Each structure stands twice: as structure tokens, then as C-alpha cells.
Amino acid sequence: ENNYVMIDGDGDLKMDVTSGGTFMTFPVGTTQRYSPAMIKYNSGAASSFMVNVKKDVYAVGTYGDNLSLTESIVDRTWRVSSSAGATSNIDMKVMWNGADEVNGFDRTNARISGFSNNQWDMSTMGSASTASNGMYEMTRTGVTNMGLFAITDNNSVLLVSENTALLAGVYPNPAEEVLNIS
């Protein structure tokens, strides 16, 4: 926790992970704090995994409403990708500092939510464990969709607002009598 890769922007820490092994720690964090992720690759040929962590959790993954301002969550988003493709089968564990818990986050009734198909999923609830270094950790098994992950609790509302999700094309532009929206 004293030596880690400070991610600033869109960079990743890339490491090779062999199938069937134990959890491999990706020692990453933000300018504020250490926030590592651990990956256990369950099946397939050896693969490179890339991990990034950022402060803030957004309604549409990387944009939209900043849910860290209003929802009971951990103020971190982890991005996990693999050279084996988006459908690798992994178990993942993430760790955070208590200072990253915002808006009354309840670590005794929490989950790792993954972002796919333009929404945050609601995986099984559990209780975070206290790690030996005083940080908190949660594990999610059988992850097959790589992407963005955040720690939420049973009170978190992670819906995408209509204004945030509306992606529309207007034609012709400028419109006179008829306005087509697609």
C-alpha cells in the first residue's frame, strides 16, 4: 500500500495472469489513495489483464451524473479488461479505504456492481471484509463481462436518467416544418 501505480487518466497497469492460479494483485490507486484490484483467472490460456482505477462513479459508466455526490457507494470505479477478450471468466476482489465511502455507505450490505449494456447490474449482496492492512475488500466470482466495476450498497440508486441517456440525431438541421429525431 506504500508502493503502487498511481493511475492518472486513461492508463492501465497490464500484467500477465495464468489460468487456475491464485489471486494476482494489481497495485493501483489514485492520487488520493491505494485502491488495488486482484484477479484470479479461472479458465483459458494465459492472458494479459489491464486494470485502471479512478475517483468518482458515473451513471453511464464514464460520463453522466456523478453518483459519488448523491449515492451511498465507494468513490472509486475500477476498469478491468483482458487480451483474451471481453468474456474471460475471472474472480475479482477490490479493496478500498474507509475514507472512500460516501453518503452513508453500508459495507455490511454491499456488492460489486458491473457496468454493461448501458446500466449497472445488481449482483448478490454481501458484507465487506476487513483486510489485514485495515482496508476493506469485496469479492465477485464468475465475472464474464470485463468493463467497469463499482462498490454499491442496498440503498444505492444507479439508474441512468433519461436526460443523461438520450443520444439523439436531429435532421434536417436546421429544421423548418418537420423535425425528425432518431
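How many helices and strands make up the secondary structure of the chain? The secondary structure comes to 1 helix and 17 strands, where helices (H or I, at least four residues) and strands (E, at least two) are DSSP runs numbered from the N terminus. The model is a predicted one, in which local features need pLDDT of at least 70 and side-chain atom pairs count only at pLDDT 80 or more, while totals for chains, interfaces and linings use all residues. Residues are numbered from 1 along each chain as its sequence is written, and side-chain values use heavy atoms, with hydrogens and water left out.

Of the 182 residues of the chain, 43% count as buried, a term that stands for under 20% relative accessible area, with exposed meaning over 50% and partly exposed in between (1.4 Å probe, protein chains only). Among contacts (heavy atoms within 4.5 Å) with a separation of 6 or more, 65% are accounted for by residues 24 or more positions apart.

**Aromatic rings**

The whole structure holds 5 aromatic pairs, counted where ring centres of Phe, Tyr and Trp (its six-membered ring) lie within 6.5 Å, with planes under 30 degrees apart taken as stacked, over 60 as edge-to-face and the rest as tilted. One of these joins W96 and F105 in an edge-to-face arrangement, 6.2 Å centre to centre and with 85° between the planes. W96 is buried at a relative accessible area of 0%, and F105, at 10%, counts as buried. W96 also forms a tilted pair with Y136, at 6.3 Å centre to centre and 35° between the planes; this pair links distant parts of the chain, since W96 belongs to strand β9 (residues 90-96) and Y136 to strand β14 (residues 136-143), 40 residues apart. Ring pairs thus link W96, F105 and Y136 into a cluster.

The ring of Y136 also has the charged end of R107 over it, 3.7 Å from its centre, and K93 lies over the face of F23 at 4.7 Å from the ring centre; a charge sits over a ring if NZ of Lys or CZ of Arg is within 6 Å of the ring centre and within 35 degrees of the ring normal.

**Salt bridges**

The chain has 8 salt bridges, each a side-chain nitrogen of Lys or Arg within 4 Å of a carboxyl oxygen of Asp or Glu, including the following.

| Pair | N to O distance |
|---|---|
| K54 and D10 | 2.9 Å |
| R33 and D100 | 2.7 Å |
| E101 and R107 | 2.7 Å |

K54 lies in strand β6 (residues 47-55) and D10 in the loop between β1 (5-6) and β2 (13-17), so their bridge ties together parts 44 residues apart in sequence. K54 is partly exposed at 32%, whereas D10 is exposed at 59%. In the bridge of R33 with D100, R33 is partly exposed at 26% and D100 is buried at 1%; R33, R76 and D100 are linked in a network of salt bridges. E101 is buried at 17%, while its partner R107 is partly exposed at 27%.

**A serine in a loop**

S123 lies in the loop between β12 (119-120) and β13 (129-130) and counts as buried at 16% relative accessibility. Its side chain reaches the backbone oxygen of I112 at 2.7 Å. Leaving aside neighbours within four places in sequence, S123 is in contact with R111, I112 and R140.

Conventions:
Polar contact = N/O pair within 3.5 Å; in protein donor to acceptor, adjacent residues only side chain to side chain.
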